[in-house]
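The following note sets out points on the metal site and the charged pairs for a colleague's consideration. Please read it beside the sequence and the structure shown here.

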Amino acid sequence: MPTARAYAANSATTPLAAATIPRRDVGPSDVEFDILYCGVCHSDLHAARNQWDAWPTVYPCVPGHEIVGRVTKVGAKATKFKAGDLAAVGCMVDSCGTCASCREGLEQYCDTGGTIFTYNCPDPHKTAPMTYGGYSERIVVKDKFVLRVSEKLNLPAVAPLLCAGITLYSPLKHWGTSPGRKVGIAGLGGLGHMGVKFSHAFGAETVLFTTSESKIEDGKRLGADEVVISKDADQMKKHNRSFDLIVSTVAASHNLDPFISLLKRDGSLVLVGAPEHPHPSPTVFQLLLGRRSLAGSAIGGIPETQEMLDYCAEKNIVSDIEMIPISKINEAYERMLKGDVKYRFVIDMKTLKA
Ligand SMILES: [Zn+2]
Ligand SMILES: [Zn+2]
């Protein structure tokens, strides 16, 4: 079996280190590509450190699901791609393909639980016990789950679109973001900064909620019409009952009530951050009196992810990134925990070969 260089966590408490992993031979419907850049998502850190009770980590774990690169080989039936094309893979590499959700192109919600995530998911090909992600020099993926990328955009800054980008694009589209609508984005990190960019690009009145005064200027630069300091009750109160939609990217357990009270009648608070511990239950009366909704959303399906990448190429939207060599990944995790990144780390994968 072919092998590839990678970076892996071998336990919840050891730093990531160089490793060699198997990658399957290219099958008839597969695309193989050299990974040029891989974004660093908060989920990578949760997985590397086994922090989700609902999704325990099997070691070794090779994180990374914001993957872009150049195609090296395609199977006979993988006609969407040819060697030399740019390609990308996000959070999923397969699904059942036949259930109602899969047929609608919502593979992340596969009704049979058949979504195969890019890492730390039992590998249906048995190449290894689990799937291995993008902190690696090469990957082989079924063509249906490989996305096309425009040559027009700055490629390293495209990588975070594959998770952070689609995680915000999809709910903003689903719940309606357009001129005349007032949309809030809570939290200005990897996810939140993409939310502000997309909400602004879709023409909504865009408000950023942050706990940090230091982010006001950046929030406006990224496209927010207004920045509200969410721990300031007076500032929050001014926006009572005024939002059509608030998308919360906050990945720490927090009180949802202050945000729900800002929703209009029929407004929605949509959670996209995945906290280690649950949020306290919101006050039910706040939901009743206003017919408000509390909802969640996970990434986006393959057709919508392609739509987003095409939209970004047309509108010249990418992530704000800081490039790192793979040797700095453990340090990057520590900085991410402190919120010390503007706004996504991206690994330059050629440093894996050096
Ligand atoms: Zn992610
Ligand atoms: Zn399915």
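1. For the accessibility classes used below, buried means under 20% relative accessible area, exposed means over 50%, and partly exposed lies in between. The model under review is a predicted one.

2. Which residues supply the protein donors of the zinc ion (ligand 1)? They are C41 through SG, H65 through NE2 and C163 through SG, at 2.0 to 2.2 Å from the metal. Along the sequence, these donor residues follow the spacing C-x23-H-x97-C. C41 belongs to the loop between β3 (30-40) and α1 (42-48), while H65 belongs to the loop between α1 and β4 (67-74), so this pair ties together parts that are 24 residues apart in sequence.

3. Are the donors C41 and H65 buried or exposed? C41 has a relative accessible area of 5%, which is under 20%, and is therefore buried. H65 is likewise buried, with a value of 7%.

4. The structure contains 20 salt bridges. As general background, side chains of opposite charge can pair when their charged atoms come close. Points 5 to 7 take up individual examples.

5. R5 and E137 form a salt bridge through their side chains, with an N to O distance of 3.7 Å. The pair links distant parts of the chain, 132 residues apart: R5 is in strand β1 (residues 3-8), and E137 is in the loop between β7 (116-117) and β8 (138-142). The relative accessibility of R5 is 40%, so R5 counts as partly exposed, whereas E137 is buried at 11%.

6. Two further pairs merit attention. The side chains of D340 and R335 meet in a salt bridge at 2.8 Å, N to O. Both residues fall in the partly exposed class, D340 with a relative accessibility of 37% and R335 with a relative accessible area of 21%. In the pair K350 and D348, the closest N and O atoms are 3.0 Å apart. Here K350 is exposed, at 56% relative accessible area, but D348 counts as buried, at 12% relative accessibility.

7. Which residues are linked in a network of salt bridges? K197, D218, R221, D320 and K342 make up such a network. A reader inspecting the model may wish to display these five residues, K197, D218, R221, D320 and K342, together.

Key
Residues are numbered from 1 along each chain as its sequence is written. Chains are lettered from A and ligands numbered from 1 in the order in which they are written. This is a predicted model: local features need pLDDT of at least 70, side-chain atom pairs count only at pLDDT 80 or more; totals for chains, interfaces and linings use all residues. Side-chain values use heavy atoms; hydrogens and water are left out. Donors are N, O and S atoms within 2.8 Å of the metal (3.2 Å for Na, K and Ca); water is not among the atoms, so sites may look incomplete. Helices (H or I, at least four residues) and strands (E, at least two) are DSSP runs, numbered from the N terminus. Buried means under 20% relative accessible area, exposed over 50%, partly exposed in between (1.4 Å probe, protein chains only). A salt bridge is a side-chain nitrogen of Lys or Arg within 4 Å of a carboxyl oxygen of Asp or Glu.
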